[in-house]
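Student: I am new to this structure and would be grateful for a close look at a single part of it. Please take the nonpolar core and what surrounds it.

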Amino acid sequence: MAELVKDLVCDMDVDPESAAAKSEYQGVAYYFCAEGCKQSFDANPQQYLGGGGTAEAAPAGAAPKRWWEFWKS
Ligand SMILES: [Zn+2]
């Protein structure tokens, strides 16, 4: 069974193998329960990643923050 990941938009658990939508941001794949969630994420990824900074704050090639850490604390 595949490991579930969080849909950052609606906070649902999503199975990557059957996710309705997928987006890649800064080299990390994110999965969503619906196309609408993906579009919300794509429109403003930083809002959902919780970094609080701008996209410029994380230069391309830098190791992306492991977004799931935000959900385990
Ligand atoms: Zn969703």
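Tutor: What follows is a description of the core, followed by the elements around it. This is a predicted model, in which local features need pLDDT of at least 70 and side-chain atom pairs count only at pLDDT 80 or more, while totals for chains, interfaces and linings use all residues. Residues are numbered from 1 along each chain as its sequence is written.

The largest nonpolar core consists of ten residues: L8, V14, A19, Y30, Y31, F32, C37, F41, Y48 and L49. Such a core is a set of buried Ala, Val, Leu, Ile, Met, Phe, Trp, Tyr and Cys residues joined through C-beta atoms within 7 Å. A residue counts as buried if 20 or more other C-beta atoms lie within 10 Å of its own, as exposed if 12 or fewer do, and as partly exposed in between, with C-beta atoms placed from the backbone. At least two residues of this core come from each of β4 (28-32), α1 (35-43) and α2 (45-49). The greatest contribution is that of β4, with three residues. These names refer to DSSP runs numbered from the N terminus: helices (H or I, at least four residues) and strands (E, at least two).

Within this core, Y30 is in contact with L8, K22, S23, Y25 and F41, leaving aside neighbours within four places in sequence. Contact here requires C-beta atoms, placed from the backbone, within 7 Å.

The strand β4 also pairs with β3 (residues 21-25) in the antiparallel sense, over five bridges; pairing requires that DSSP find at least two bridges between two strands. E24 has A29 of β4 as its bridge partner. Two residues lie between the strands of this hairpin, where Q26 takes a positive phi near 50°.

The helix α1 has C37, K38 and F41 as buried residues. Seen down the helix axis, the buried residues of α1 fall within an arc of 100°, so they line one face; the arc is that of the directions from the helix axis to the C-beta atoms. They pack against β1 (5-7), β3, β4 and α2. On the face turned away from the buried side, α1 carries the exposed residues E35 and A43.

For contrast, consider D13, which belongs to strand β2 (residues 12-14). D13 is exposed because it has 11 other C-beta atoms within 10 Å. D13 nevertheless touches L4 and K6, not counting residues up to four places away in sequence.

How values were computed. Contact = placed C-beta atoms within 7 Å.
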